[in-house]
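Have your viewer ready and your selection tool at hand. We will move from one stop to the next, with a note on what to select each time.

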Amino acid sequence: MDVNKLRMRRATAIAIAIGVLALMATGALDRWLLGVFMSAGLALGWLNARLTWMSIVRITDAETPSKQKLALSSASRLIILTALSIVIAYFTRPYGVGIFFGLAVFQLILILHTVVPEVKGLRQQS
């Protein structure tokens, strides 16, 4: 089994659990929309990670991998994601800001889920 696919599955499961917890916590505070937008941010973060992975695989499997193609793909995806998040947050304020919290939390999950095993591996090697 591919380690990266396993890490992505675990990150997805953690994000779903955090989304459910966010909905429960915001529901208890009678702020359902904030939880919905936090969950939407988690989903957008997952979508971004998935599209990034597919883009990297597609570009590196090509006969002539190009850093320019990778940079253009990343830039366009991030511009679209940012614009979509800003529009959602603006038109659904004040609760729409939860989309940014969801995006940030998913990135934190993904980074920690990727970096921690690597650090452990480096410690075992030395």
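Start with the charged contacts: the structure holds 1 salt bridge, a term used here for a side-chain nitrogen of Lys or Arg within 4 Å of a carboxyl oxygen of Asp or Glu. Select R7 and E118, the two partners, whose closest N and O atoms are 3.1 Å apart. R7 sits in helix α1 and E118 in helix α4, so the pair ties together parts that are 111 residues apart in sequence. Now colour by accessibility: R7 is buried, at a relative accessible area of 17%, whereas E118 is partly exposed at 44%. Here buried means under 20% relative accessible area, exposed means over 50%, and partly exposed is in between, with a 1.4 Å probe and protein chains only as cover.

A word on what you are looking at: this is a predicted model, in which local features need pLDDT of at least 70 and side-chain atom pairs count only at pLDDT 80 or more, while totals for chains, interfaces and linings use all residues. Residues are numbered from 1 along each chain as its sequence is written, and side-chain values use heavy atoms, with hydrogens and water left out.

Zoom out to the whole chain and switch to cartoon. You should find 4 helices and 0 strands, in the order α-α-α-α along the sequence. Helices (H or I, at least four residues) and strands (E, at least two) are DSSP runs, numbered from the N terminus. The C-alpha atoms fill a box of roughly 50 × 35 × 25 Å along the principal axes, and 25% of the 126 residues count as buried.

Next, show the largest pocket, with about 380 Å³ of space. On a 1 Å grid over the protein atoms alone, a pocket is an open set of points where a 1.4 Å probe fits, with protein on both sides within 12 Å along at least five of seven lines; lining residues have an atom within 4 Å of a point. The volume is the space filled by probe spheres set on the points, which are joined across faces, edges and corners. Of its 16 lining residues, select N4, M8, A49, W53 and L110, which lie nearest the centre of the pocket. Two or more lining residues come from each of α1 (3–28), α2 and α4 (98–125), and α2 gives the largest share, 7 residues.

Keep W53 selected. This residue of helix α2 (residues 32–60) is partly exposed, with a relative accessible area of 33%. Add W46, L47, L51, M54 and V57: together with W53 they make a nonpolar surface patch of about 480 Å². Such a patch joins nonpolar side chains (Val, Leu, Ile, Met, Phe, Trp, Tyr) within 5 Å, from residues with over 30% relative accessible area and no salt bridge.

Stay on helix α2 and pick F37. F37 is buried, at 13% relative accessible area. Draw a distance from its C-alpha to that of A89: the two are 52 residues apart along the chain, with 8.7 Å between these atoms.

Finish with two backbone details in the loops. Where does D30 lie? Look in the loop between α1 and α2. D30 has a positive phi of about 60° although it is not a glycine, and at 56% relative accessibility it counts as exposed. Then move to P94, in the loop between α3 (67–91) and α4, and check the peptide bond from R93 to P94: it is cis, with omega near 5°.

Definitions and conventions: Patch = residues over 30% accessible without salt bridge, like charges linked within 9 Å, V, L, I, M, F, W, Y side chains within 5 Å. Areas by Shrake-Rupley, 256 points an atom, 1.4 Å probe, with all protein chains shown as cover.
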